[in-house]
Amino acid sequence: MRYMMTYDLMETMRNTNQWLGATALSMASYPLFSMVPNPAFNWISAWGEVTERTFQRMTVKPDWGIRTFTCEDGKDHLVDIETVMERPFGDLLHFKVSGRKTQPRKVLLVAPMSGHYATLLRSTVKSLLVNCEVYVTDWHNARDIPVSAGKFDVEDYTLYLVDFMREMGPDTHVVAICQPAPLTLAATAYLAEQDPAAQPLSLTLIGGPIDPDATPTEVTDFGRRVTMGQLEETMIQRVGFKYKGVGRMVYPGLLQLASFMSMNAERHSAAFQDQIQRVMRGEASDHDAHNRFYDEYLAVMDMPAEFYLSTVERIFKNREIARNEFVVAGHKVDIGAITDVAVKTVEGAKDDISAPGQCVAALDLCTGLPDSKKANHLEPGAGHYGIFAGRSWRDNIRPLVIDFMNANSKRQPKLKPVRGKTTAA
């Protein structure tokens, strides 16, 4: 009960702040106060508006906001978001552009399960929709998943990816962004051993911690500094009575958000103070730059406790992927078994979350893959977000990723020796 009371206390504090914001906005907006020449009422009203929206967004899943797409014919086509596979902890979505012929590249975007929703990749999806059939892993908020659905750890995550790749077929190009990069690499190796016919054509890993010790950061230092007992005691709580997942052990999104905010507290504080001033002057709007960013940034989801703890222990502390010692469902995965899936890594020179060196380590693990099927790109001046959603992605990285997909759009036939000659199998 202690863990459940803590969870409900955090939710109570969030709810109270939302209520205080709504109350301040309503009270200071009475027409009568317009007769009082005191800017304090304008400030209270603006503070209430910003505060209410801030704390309300923490429990709302953002909308994808991709409703139409302008195709080469110059017409706007509706975008239907179809659920291809539905599972308890995550779905496979397809962004189908109605009335458009099927595009030559089928792309699976593997979204992170790291506290934010898959909608964080909205701009990435929109940029790929131009000439790709885009599929995305849409992970669910653990607070809404009943305890009866069971556990979900890094092995379960990997098996979900295996099922998604099988469903999409061997003509797929996989792009894993940030946290899922090591597990996507493991899922590809698992298929190479267990179901070679279902392997994707290419695998692009963007800013992921394949080997966290290659270049230490604040994130990896934290993983080394704390014990698993400390993490379980301080970070794990039980979902409270308000949600369907009542009783499930989770790493709460609100706790993760507090950590995110504290890392750049001064910058966030200044951003909210500036927004309050803009609201007072009537310069703010529902979809201005501040609201567009924070509506997404503040929308957090709970992670299953097993997934969070096993990620820290097995990926960061024990480096099972980096040491090629990862086990899935009792099977030891050999990353060297990847022999005909082209692998590309992308890193940002100023990435302070997954620093340069951590992701490119994947290429050394692919011992069975010829150098002709390996590629790496280091983007100068780019931070973590920029390599998959910012200007660096749009202007430089996306064209390189598309070229890599095009260069590996067909799988070369395997060769076998016949009486001293080499022929296609």
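Helix α11, which spans residues 305–317, has a kink of about 25 degrees centred on Thr311. The model is predicted. This briefing covers that helix, a small sheet of three strands, the second largest pocket and the aromatic pairs.

**Helix α11**
- Eleven of the 13 residues in α11 are buried, so the helix is largely enclosed by the rest of the structure.
- Thr311, the centre of the kink, is one of the buried residues.
- The buried residues of α11 also include the aromatic Phe307, Tyr308 and Phe316, as well as Arg314 and Lys317.
- Arg319, just after α11, takes a positive phi of about 50 degrees.

**Three-stranded sheet**
- The sheet is open, with strand order β8-β9-β10 and antiparallel pairing.
- One side of β8 (237–238) and one side of β10 (303–304) are left without a neighbour in the sheet, because each of these edge strands has a single partner.
- Two bridges join β9 (residues 249–251) to β10 in the antiparallel sense.
- In this pairing, Val250 stands opposite Pro304 of β10.

**Second largest pocket**
- The volume of the second largest pocket is about 270 Å³.
- The pocket is lined by 14 residues, of which Phe55, Met58, Leu254, Leu257 and Ala258 are the closest to its centre.
- Two or more lining residues come from each of α1 (2–28), α2 (39–56) and α8 (253–263).
- Helix α8 gives the largest share of the lining, at five residues.
- Eleven of the lining residues are nonpolar, two are polar and one is charged.

**Aromatic pairs**
- The structure holds 17 aromatic pairs.
- Phe89 and Phe152 count as stacked, because their ring centres are 4.7 Å apart and their planes are at 15 degrees.
- This pair links distant parts of the chain, 63 residues apart: Phe89 lies in the loop between β2 (76–86) and β3 (90–97), and Phe152 in the loop between β5 (132–139) and α4 (154–168).
- Both Phe89 and Phe152 are buried.
- Phe293 and Tyr294 have ring centres 4.8 Å apart and planes at 90 degrees, so their pair is edge-to-face.
- Phe293 is partly exposed, with a relative accessible area of 40%, whereas Tyr294 is buried at 6%.
- One aromatic cluster is formed by Phe89, Trp139, Phe152, Tyr157, Tyr160, Phe164 and Phe307.
- Phe307, a member of this cluster, is also among the buried residues of α11.

Technical notes:
Residues numbered from 1 in each chain as written. Predicted model: local features only at pLDDT ≥ 70, side-chain atom pairs only at ≥ 80, totals over all residues. Heavy atoms only, no water. Bend = angle between axes of the 7 residues up to and from the residue. Helix = DSSP H or I, 4+ residues; strand = E, 2+ residues; numbered from the N terminus. Buried < 20%, exposed > 50% of the residue type's maximum accessible area, 1.4 Å probe, protein only. 1 Å grid on protein atoms, 1.4 Å probe; cavity = no way out; pocket = protein on both sides within 12 Å on 5 of 7 lines; lining within 4 Å. Points joined across faces, edges and corners; volume = space filled by probe spheres on them. Nonpolar A, V, L, I, M, F, W, Y, C, P; charged D, E, K, R; others polar. Pairing = 2+ DSSP bridges. Phe/Tyr/Trp six-rings, centres within 6.5 Å; stacked < 30°, edge-to-face > 60°.
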